[in-house]
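Please open the structure in your viewer and keep the selection panel at hand. The tour proceeds from the whole chain to one helix and then to one residue.

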Amino acid sequence: MRPLISILDGNTFLVSDRRGDIEPALDFPTGLFSFDTRFVSTWLLTLDGERLTALSVDDALSYRTRFFLVPGEPTHYLDAKVSVIRSRAIGASITEELTVLNHGGEAADFNLRLDITADFADIFEIKNVRSKHGRTTATVGENELRLSYRREAFHRETIIQTSSPGEIDVSGMTFRIHVPPHGEWTTALHVSTIVYGARGEDIRQSLPSFSGTRDATAIEAEQHAFVERAPKLACDCEPLATAYRRSLNDLAALRYESLTLGARLLAAGLPWFMTLFGRDSILTSLQVVPFLPELIPSTMLVLAGLQGYRLDDFRDEEPGKILHELRYGETAGFEEQPHSPYYGSADATPLFVILLDEYERWTGDRELVMRLEASARAALAWIDTYGDLLGTGYLWYDTRNPENGLRNQCWKDSWDGVSYRDGRLPEFPRATCELQGYAYDAKLRGARLARTFWNDPEYADRLEREAADLKMRFNRDFWIPDREYYALALDADGRQVDSLTSNIGHLLWSGIVEESRARHVAEHLLGPRLFSGWGVRTLADDQGRYNPIGYHVGTVWPFDNSIIAWGLWKYGYREEAATICESMLAASRFFAGRLPEAFAGYERRLTEFPVEYPTACSPQAWSAGTPLLLLRVMLGLEPQGEHLIIDPHVPEGMGRIELLDIPGRWGRVDALGRSRTPHDSSRGH
């Protein structure tokens, strides 16, 4: 796996190697991207024809990076007489300052060359290796190279300008420079991207993030203000403090402005998912609502505004359904992909109702609950109509678009994410267990909203009856008595898909598990087949498709573990929840506090460190939200009416955890927790 360096601001991001170079790739999204288009695909620096090698890289900030470089291979730069500093920052444009330093006692002449190309690839053309249909042109101007792409009305452009005179051609820039002894030479490069609209304007002009004043300084100030609004953490546990701060910074960096709706939203994850995802946005919101409740309304309003209202097989759209994914690139625009938007998710719709209720419990925001009543009712109606494909009272999924729709429409949406214990794949439609838990929880929460806010007690009573019936049937049909766990799913014939997976932890979170069975579920989750020591695996290690580095069939997902810990806490399994919290925070130390999308499911005792998953997104929104939810679990934070319950259970040896200035309907409060230690078994409250 090649080490990559990224900077980002919203869904504009740049991915390079450790030298700062970008080389053409159709297998991984290196380059400069904005709104699903790659605006720079080659950005390659040489000095006198030689590639450079990185001595060090300063990438502590998400929006700025510095590369300290010397020419030649690592074995050849002892006592180098010249070095290059490459300083890069992101904002309304990308700026890169190149500084050549002459360390010799005599003046020296150098040829500095920057090769530049733009393939304007759509993110799906990289992921699925597709060729372009439009035409790319290059135009040379004074101190400027302009690269343009057109396909009918689809028009994108990249403009590279330099502050120093140079020789510019259609494939790059050359600077012939003279540097005095112990002197330096510097030039500044500015890269602007244009997303043309029908009238020839950049359709992002109205977005504040694309104003000319948005530079690295403005981004730093904005991110600082964002972090300052969050509760303050004081603790004895360095990994927790680091992960908390890193998560807040990453969540700040992942915010972007919708191109058509003008709202500030969270992108799901770099590099593949830098856009709005229904499932990811909702689950991240659930993780962060006690800390950053201001993120929630814009997300919910946008999801409600794009809620399905018709039957559209191409987009998997149905009335009441919440979208899965929204894209802005060429393949979506020309309907080569159904992502404009795409609705291939069976869980986002019940999760929408769950989030609306959870948000109100924390904030008391009655206005949003009233405003979204019709959307919430439509989502609840979808569960029992289009969601119940077989009329059995369960939530099923099967794509309406077999050509390029998603087959698996649960969170484990890779092709092999749902399998029998022996590795066989079930036929469609499928009803995964956690979907039933979400539907159960959505009905109960919808009932509370109906009774408390919508003045509809009859509807509330009906939802509660339906939830009780669903819980009874679920515990009858999904429970595997001889193995004492819930099946992953039911297949099209109603048979149990009998693999042991992390999905059973989501059932605890939803509350659909019978109390008498919760102990068995907890034992499986923390047992050796599922628990690696670093976290709960997606699939138990004795199942047919288990692969410790398989995307959904054996890896450990931090977001998944945060939901599991929350579920264990809800059923009173505080020690087990604390174990997962400790394992996740221990793993975060090896990722500089930034938990990735997923990591390998190898045993902790074998590796002594969590093994990276090669193509994991990082940062990723629901991984960034994980430390926040773990902190909520450890402190036992739970809103109950006008009060906040604080019931801490901090893992052993973690010491004191103090969270100050927690926002909510009760004003702002503080919470204190103290772990047991070998010398002190007391707990603080």
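Two residues are in contact when heavy atoms lie within 4.5 Å. By that criterion, residues 24 or more positions apart account for 63% of the contacts in the chain with a separation of 6 or more. Please note that this is a predicted model.

Begin by selecting the whole chain, which contains 18 helices and 28 strands. Its radius of gyration is 26 Å, close to the 26 Å that the globule rule gives for 685 residues, so the chain is as compact as a globular protein of that length. Along the principal axes, the C-alpha atoms fill a box of roughly 85 × 65 × 50 Å. Of the 685 residues, 61% count as buried. Now colour by charge: there are 73 positive and 98 negative side chains, and the centres of the two sets lie 2 Å apart.

Next, select residues 457-477, which form helix α11. This helix has 21 residues and reaches 30 Å from its first C-alpha to its last. Display the side chains of its buried residues: Y459, A460, L463, A467, L470, R473, F474 and N475. Then add the surrounding elements; among those covering these buried residues are α9 (373-384), α10 (433-452), α12 (503-510) and α13 (515-525). The strands β21 (479-480) and β22 (485-486) are also part of this cover.

Finally, select D416, in the loop between α9 and β20 (431-432). Is D416 buried or exposed? D416 is buried, because its relative accessible area is 14% and buried means under 20%. Beyond its neighbours within four places in sequence, D416 is in contact with L425, R545 and V553. Add G550 as well: its C-alpha atom is separated from that of D416 by 9.4 Å, although the two residues are 134 residues apart along the chain.

Note on methods: Residues numbered from 1 in each chain as written. Predicted model: local features only at pLDDT ≥ 70, side-chain atom pairs only at ≥ 80, totals over all residues. Heavy atoms only, no water. Helix = DSSP H or I, 4+ residues; strand = E, 2+ residues; numbered from the N terminus. Expected span 1.5 Å × (residues − 1). Buried < 20%, exposed > 50% of the residue type's maximum accessible area, 1.4 Å probe, protein only. Rg over C-alpha atoms; globule rule 2.2 N^0.38 Å. Lys, Arg positive; Asp, Glu negative; His and termini not counted. Charge placed at Lys NZ, Arg CZ, Asp CG, Glu CD.
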